[in-house]
Amino acid sequence: MNNLHQYIPLLSKVRLFNGIDEDTLEDLSQKWSYILRNYQKGEIIMAEQSDMEYIGILLGGNAYGYRSTEEGKNVILARMTQGAVFADILAGAPMRKSPIAIRAESECKVLFIHYDSYIQSCIGNTHIGTRLIMNYVESVSSRYFELHDRVRCLIMPSLRAKIMSCLQSYCPGRGKPFAIPFDRSSMAEYINADRSALSRELAKMKSEGIIDYRKNIFKLT
């Protein structure tokens with residue numbers, strides 16, 4: 001039996017396989033060269049400057065991508081939950097050395113699909129192949145907007161502006177509660193701020209009626 005059989009329902013919901021039914025996906029997976037790997041909390045899934053020929057999919061757990069500064073501080077660039085795709089841009093690039101690292105935030109299971117075998121599985125079936133290529137392009141394109149949100153947050157002139165930029169990127173609408181994928185420490189790292197200063201500013205914004213929150217559930221009032 002295909003080792004990926006139990007993960008086919010999950011994979012069918014991943015952006016790379018949007019529009020591909022489970023039976024077809026099961027057949028496609030037979031053509032892939034892949035690795036299934038488990039990681040413990042704190043383990044490095046992908047190191048900075050590592051060569052990457054595989055597309056990564058997080059089948060379980062949470063992880064985050066970060067870069068280390070010269071001072072040794074880790075700056076979080078992205079957070080990943082089940083179903084997240086990573087390294088798809090790297091795998092398809094001629095220069096495949098990763099500019100970031102990815103670390104497991106909890107116990108994780110990761111599927112690595114060799115990029116060449118993913119592309120080869122697109123060949124031979126015009127409809128399915130076209131869908132897979134379109135999904136890959138959409139996945140890569142979405143990174144542009146994620147990067148745009150990240151840069152917009154970092155270039156804000158004040159801590160409050162950074163906080164609002166971060167929250168607005170997750171907010172479904174004013175007055176509606178929403179969750180962010182950060183605790184206070186990781187949120188501080190994400191917006192490149194001091195944790196204590198972040199907590200003080202959040203409390204001040206809450207007292208001024210700008211926001212309301214409980215742990216990682218927020219509302220823009």
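Where is the place of Lys215? Lys215 sits in the loop between E10 and E11, and that loop is a good doorway into this predicted model. E10 and E11 form a hairpin with 2 residues between the strands, and within this hairpin Lys215 takes a positive phi near 55°. To see what makes that worth a look, remember a general rule: most residues other than glycine have a negative phi. Lys215 is a residue other than glycine with a positive value. Is Lys215 buried or exposed? Its relative accessibility is 65%, and because exposed means over 50%, Lys215 counts as exposed.

Now follow the hairpin into its sheet. Three strands come together here as an open sheet in the order E9-E11-E10, and the pairing is antiparallel. The edge strands are E9 (178–179) and E10 (211–214), each of which pairs on one side only. In general, the strands of a sheet pair through backbone hydrogen bonds, either parallel or antiparallel.

Let us trace the pairings one by one. E10 and E11 (residues 217–220) run antiparallel and are joined by 4 bridges. Ile211 has Leu220 of E11 as its bridge partner, while Tyr213 stands opposite Phe218 in E11. On the other side, E9 and E11 pair in the antiparallel sense over 2 bridges. Here Phe178 has Phe218 of E11 as its bridge partner. If you find Phe218 in the structure, you can therefore look from it towards Tyr213 and towards Phe178, with the general picture of strands pairing through backbone hydrogen bonds in mind.

Which residues of E11 are on its covered face, and which on the uncovered one? Phe218 and Leu220 belong to the covered face, whereas Ile217 and Lys219 belong to the uncovered one. This fits a general pattern: in a regular strand the side chains alternate between the two faces of the sheet.

Next come the helices around this sheet. Helix H6 (residues 159–168) packs on the sheet and touches E9, E10 and E11. The direction of H6 makes about 105° with that of E11. Helix H8 (residues 195–207) lies across E10 and E11, running at about 120° to E10. Within H6, the residues Lys162, Ile163, Met164, Ser165, Cys166 and Leu167 are buried. What covers them? The cover includes H5, E9, helix H7 (184–190), H8, E10 and E11.

A second sheet lies elsewhere in the chain. This open sheet has 4 strands in the order E2-E7-E4-E5, with antiparallel pairing. Strand E2 (44–46) and E5 stand at the edges with a single partner strand each, so one side of each is left without a neighbour in the sheet. Neighbouring strands of this sheet are turned by 35° against each other on average, with direction ignored. Between strand E4 (residues 63–68) and strand E7 (residues 101–104), which run antiparallel, there are 4 bridges. One of the pairs to look for is Ala63 with its bridge partner in E7, Ala104.

Beside this pairing you can find Asn62, in the loop between strand E3 (54–60) and E4. Asn62 is partly exposed, with a relative accessible area of 32%. Which residues does Asn62 contact, leaving aside its neighbours within four places in sequence? They are Met80, Thr81, Ala104, Glu105, Ser106 and Cys108. Asn62 also shows how a fold brings distant parts of a sequence together: Asn62 and Glu107 are 45 residues apart in sequence and 7.5 Å apart in space, C-alpha to C-alpha.

Met80, one of the contacts of Asn62, leads us to the largest pocket. This pocket has a volume of about 1000 Å³. It is lined by 31 residues, and those closest to its centre are Leu77, Ala78, Met80, Arg143 and Glu146. Strand E5 (74–80), strand E6 (85–86), helix H3 (88–91) and helix H5 (126–154) each supply at least two residues of the lining. Which element gives the largest share? That is H5, with 7 residues. By type, the lining divides into 20 nonpolar, 4 polar and 7 charged residues.

One last stop is Ala87, in the loop between E6 and H3. Like Lys215, whose phi is near 55°, Ala87 has a positive phi in a residue other than glycine, near 65°. Their surroundings can be compared too: Ala87 counts as buried at 10% relative accessibility, whereas Lys215 counts as exposed at 65%.

Methods:
Residues are numbered from 1 along each chain as its sequence is written. This is a predicted model: local features need pLDDT of at least 70, side-chain atom pairs count only at pLDDT 80 or more; totals for chains, interfaces and linings use all residues. Side-chain values use heavy atoms; hydrogens and water are left out. On a 1 Å grid over the protein atoms alone, a cavity is a set of points where a 1.4 Å probe fits but cannot get out, and a pocket is an open set with protein on both sides within 12 Å along at least five of seven lines; lining residues have an atom within 4 Å of a point. Grid points are joined across faces, edges and corners, and a volume is the space filled by probe spheres set on the points. Ala, Val, Leu, Ile, Met, Phe, Trp, Tyr, Cys and Pro count as nonpolar, Asp, Glu, Lys and Arg as charged, and the others, Gly among them, as polar. Two strands pair if DSSP finds at least two bridges between them. Contact means heavy atoms within 4.5 Å. Axes are lines fitted to C-alpha atoms, for helices over the stretch in contact, and angles run from 0 to 180 degrees between N-to-C directions. Buried means under 20% relative accessible area, exposed over 50%, partly exposed in between (1.4 Å probe, protein chains only).
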